[in-house]
Amino acid sequence: MTTFQAYKIDKDGDTVKGRLEDLSAKDLPSSDVLIKVHYSSVNFKDGMVSQPDNALVKDYPIIPGIDLAGEVVRSRDDRFKEGDQVIATSYEIGVSHDGGFSQYASIPADWIVPLPDGLTLEESMIYGTAGFTAALSVYRLEQNGLTPDQGPVLVTGATGGVGSMAVAMLAKRGYTVHASTGSEEHTEYLKDLGADKVLSREDVYNGKIKALAKQQWAAAVDPVGGEPLASVLSKLQYNGAAAVSGLTAGVNVPTQVYPFILRGISLLGIDSVYCPMETRKKVWHRMANDLKTKEVFNRMKVVISLDEVEEKLHQILKGETRGRTIIKLQDDE
């Protein structure tokens, strides 16, 4: 390696600009493991990082990309050796530590997961943080006692990365899946992923929130938050649960205590960023096994090159993407 390409974001006054740059290893952080990045992916959080008013990035310039998968080139940690295939997602990657929108990345060993048997590097990035978040949501709901015979499971924001993955994973596990979306044109796509019923956003939240509404779902995977989440909570069945991971509809949830004390529901917070490594490895193992959705990967993925990243970041912020966008970073694939 002499030089390589990376997409770097810098700030000039109130303006944030991204561009492709030629870098060398000395331009990367001095971390434990140097990785030749084969694939990354585009997440909503990456889009947020590209905005001038974001609260995520404290110091510029930064290479964004909260996900990456590749091959170890050099390691100062005994847990990893040259040639190992690895995944790194979340923690501070792409936010305060240079991330995956680069052909090489230098990452702390404590943030790295060995690629599980049963997954390719490309598949791991079709999953990425979105897939991991969806899988962690299913994992936590099942820890809470959810089983397929209890009734339908709602997935909000179902055409997004987390939502698409959750629909496919729940269907693979034998659940009846109700998928909610604001994009009616994606109905067939969601049914192809395994949704039994496709609902409009208005079916979930019509602008009015009752303390208690008709019980409809045994559980929910919710990457949306805001007022729609409050509506979902009022409609969960007795002992139901909602796994919450996002805020695309806002951070304020105007709910009441009644669903919790009269129906015994649970609100499960899903944090994929600092999820403990022991749990992280268990969830990735399940993603390579009983949650694996290989048969729908090709329906879900869009593959782009590094020079297409900027346009895709704009699209994901506008809600104009569907499924998972992965970035191919090596020409020899």
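**View 1. A nonpolar patch on the surface of the predicted model.** In this predicted model, the side chains of Leu212, Val257, Tyr258, Ile261 and Leu262 make a nonpolar surface patch of about 450 Å². One of these residues, tyrosine 258, has its place in helix H7, which is made of residues 258-262. Tyrosine 258 counts as partly exposed because its relative accessibility is 38%, a value that lies between the limits of 20% for buried and 50% for exposed.

**View 2. An open sheet of six strands.** Following the sheet across, the reader meets the strands in the order E10-E9-E8-E11-E12-E13, and their pairing is parallel. Strand E10 (197-200) and strand E13 (266-269) are the edge strands, as each of them pairs on one side only. From one strand to the next, the twist averages 20 degrees. As a general point, strands of a sheet pair through backbone hydrogen bonds, in either a parallel or an antiparallel sense.

**View 3. The pairing of strands E11 and E12.** Strand E11, residues 217-222, pairs with strand E12, residues 236-244, over five bridges in the parallel sense. Aspartate 222 stands opposite valine 244, which belongs to E12. Helix H6 (residues 226-234) packs on the sheet, where it touches E8, E11, E12 and E13, and its direction makes about 155 degrees with that of E12.

**View 4. Helix H3 across three strands.** Helix H3, formed by residues 161-172, lies across strand E8 (153-155), strand E9 (177-181) and E11, and the helix runs at about 155 degrees to E8.

Key. Residues are numbered from 1 along each chain as its sequence is written. This is a predicted model: local features need pLDDT of at least 70, side-chain atom pairs count only at pLDDT 80 or more; totals for chains, interfaces and linings use all residues. Side-chain values use heavy atoms; hydrogens and water are left out. Patches are made of residues with over 30% relative accessible area and no salt bridge: like charges are joined within 9 Å, nonpolar side chains (Val, Leu, Ile, Met, Phe, Trp, Tyr) within 5 Å. Accessible areas come from the Shrake-Rupley method with a 1.4 Å probe; for residues, only the protein chains shown count as cover. A salt bridge is a side-chain nitrogen of Lys or Arg within 4 Å of a carboxyl oxygen of Asp or Glu. Helices (H or I, at least four residues) and strands (E, at least two) are DSSP runs, numbered from the N terminus. Buried means under 20% relative accessible area, exposed over 50%, partly exposed in between (1.4 Å probe, protein chains only). Two strands pair if DSSP finds at least two bridges between them. Axes are lines fitted to C-alpha atoms, for helices over the stretch in contact, and angles run from 0 to 180 degrees between N-to-C directions. Contact means heavy atoms within 4.5 Å.
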